[in-house]
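Thanks for passing this one along. Here are my notes, in numbered points, to read with the model open beside you.

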Amino acid sequence: MHPSLADASAAPLHLEPQDGYAISAEFYDVLQAERDAARVRRLYGGHVRHARLGVLDAGAGTGRVTLMSPAESRAPVHAVEPTRAMRSPLMTGLASLPAALRSRVTVHPHTLQESGLHGVADVAICHNMVACLPPASRRSLWPALADALVAGGVLLVQLPPARLPLHETTHDLPTQRVGQHEYGGRMVTSADENRIRTRFDYWVRGDHGVLREHHETFWMWSASRATVVAELAGSGFVPRSGPPDPTVLTVRLAATHRSRRSGL
């Protein structure tokens, strides 16, 4: 999972938002990137390959969608990631790409609402980020995505959990070996009033036991598929067929929506 600092309000353009990834950014790629990259390619690769104007990665994180996109499409790529801790591994990943691919990727260090992107893409992806937005922030994201897409553009949204968890659940992350050290972690989720508490526990072990332990907590908000579809409809999006995965919603920006906003 790619957590996002959900309960931080949008910061002015001249300020860095509060960074809630200081711990997870170190461990995310080591523990999850390989598996997540395969999933990203499976869920979104076909749509990215058909992009002609541009690909928008909203909430890019450490860059699984961003790093896949220039290899799958010849279109420009816009990666939106407001938090510095996640941008750091994103930029490191971009630096490892051939110059010809890297030159087509622009990283925007603000929220999408602040980025000023208008009509830059015909494919937009929200991977592992919508669940981490409180309802008001989630609803404000949809018109910003409509602004960034051209008429007929496709938006793929990884859906939030449909409901709060009934019980606390623990998911162990795959242990990875890096040199003489073993990296591991777990994700623990539970309901907390109207939110989902998501705690990540990380550790690093050596030959003689645990060297370090770290913990970080994030919040998520549930929303049913019907709720998300209704919210998107208010910004001109209509459902269409998409990846055969129930966790992803595919919608298209209607041409009439762009025409109304343009006064045509």
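1. A word on surface first: accessible areas here come from the Shrake-Rupley method with a 1.4 Å probe. On that basis the accessible surface of the protein chain is about 12,300 Å², and carbon and sulfur atoms account for 53% of it. Please keep in mind that this is a predicted model.

2. Now the overall make-up. The protein chain holds eight helices and eleven strands. Of its 264 residues, 50% count as buried. If you take the contacts between residues at least 6 apart in sequence, 67% of them join residues at least 24 apart.

3. The sheet is a good place to start looking. Four strands make up an open sheet, in the order 6-7-8-9, with antiparallel pairing. Why is one side of strand 6 and of strand 9 left without a neighbour in the sheet? Strand 6 (169-178) and strand 9 (209-220) stand at the edges and each has a single partner strand, so one side of each has no neighbour there. From one strand to the next, the twist averages 15°.

4. Next, the pairing of strand 6 with strand 7. These two strands run antiparallel, and eight bridges join strand 6 to strand 7 (residues 181-192). You can follow the register by eye: H171 stands opposite M187 in strand 7, and V178 stands opposite H181. The two strands form a hairpin with two residues between them. G179 sits in that turn and has a positive phi of about 60°.

5. Helix 1 deserves a look together with the sheet. Which strands does helix 1 touch? Helix 1 (residues 24-49) packs on the sheet and touches strand 6, strand 7, strand 8 (195-206) and strand 9. The direction of helix 1 makes about 90° with that of strand 6.

6. On to the charged pairs. The count of salt bridges comes to eleven. One of them joins the side chains of E26 and R212, at 2.8 Å from N to O. E26 belongs to helix 1 and R212 to strand 9, so this pair links distant parts of the chain, 186 residues apart. E26 is partly exposed, with a relative accessible area of 39%, and R212 is also partly exposed, at 29% relative accessibility.

7. Helix 1 also has a salt bridge to helix 2 through D29. The side chains of R64 and D29 meet at 3.4 Å, N to O. R64 lies in helix 2 (residues 64-72) and D29 in helix 1, so the pair ties together parts that are 35 residues apart in sequence. Are these partners buried or partly exposed? R64 is buried, with a relative accessible area of 16%, while D29 is partly exposed at 24%; the cut-off for buried is under 20%.

8. A further salt bridge between these two helices is formed by E72 and R49, whose closest N and O atoms are 2.9 Å apart. E72 is in helix 2 and R49 in helix 1, so this pair ties together parts 23 residues apart in sequence. Both count as partly exposed: E72 at 23% relative accessibility and R49 at 44%. Elsewhere, D172, R186, R199 and D201 are joined into one network by salt bridges that share partners.

9. Helix 6 (residues 135-148) passes a simple length check. At 1.5 Å a residue, its 14 residues should span 20 Å, and the end C-alpha atoms are 21 Å apart, which agrees. The buried residues of helix 6 are R138, L141, W142, A144, L145, A146 and A148.

10. Lastly, two backbone angles to check. N128 has a phi near 55°, a positive value in a residue other than glycine. N128 lies in the loop between strand 4 (121-126) and helix 6, and N128 is buried, with a relative accessible area of 13%. Phi of E193 is also near 55°, again a positive value in a residue other than glycine. E193 is in the loop between strand 7 and strand 8. Is E193 buried or exposed? E193 is exposed, with a relative accessible area of 72%.

Note on methods
Residues numbered from 1 in each chain as written. Predicted model: local features only at pLDDT ≥ 70, side-chain atom pairs only at ≥ 80, totals over all residues. Heavy atoms only, no water. Pairing = 2+ DSSP bridges. Axes fitted to C-alpha atoms, helices over the stretch in contact; angles between N-to-C directions. Contact = heavy atoms within 4.5 Å. Buried < 20%, exposed > 50% of the residue type's maximum accessible area, 1.4 Å probe, protein only. Salt bridge = Lys/Arg side-chain N within 4 Å of Asp/Glu carboxyl O. Expected span 1.5 Å × (residues − 1).
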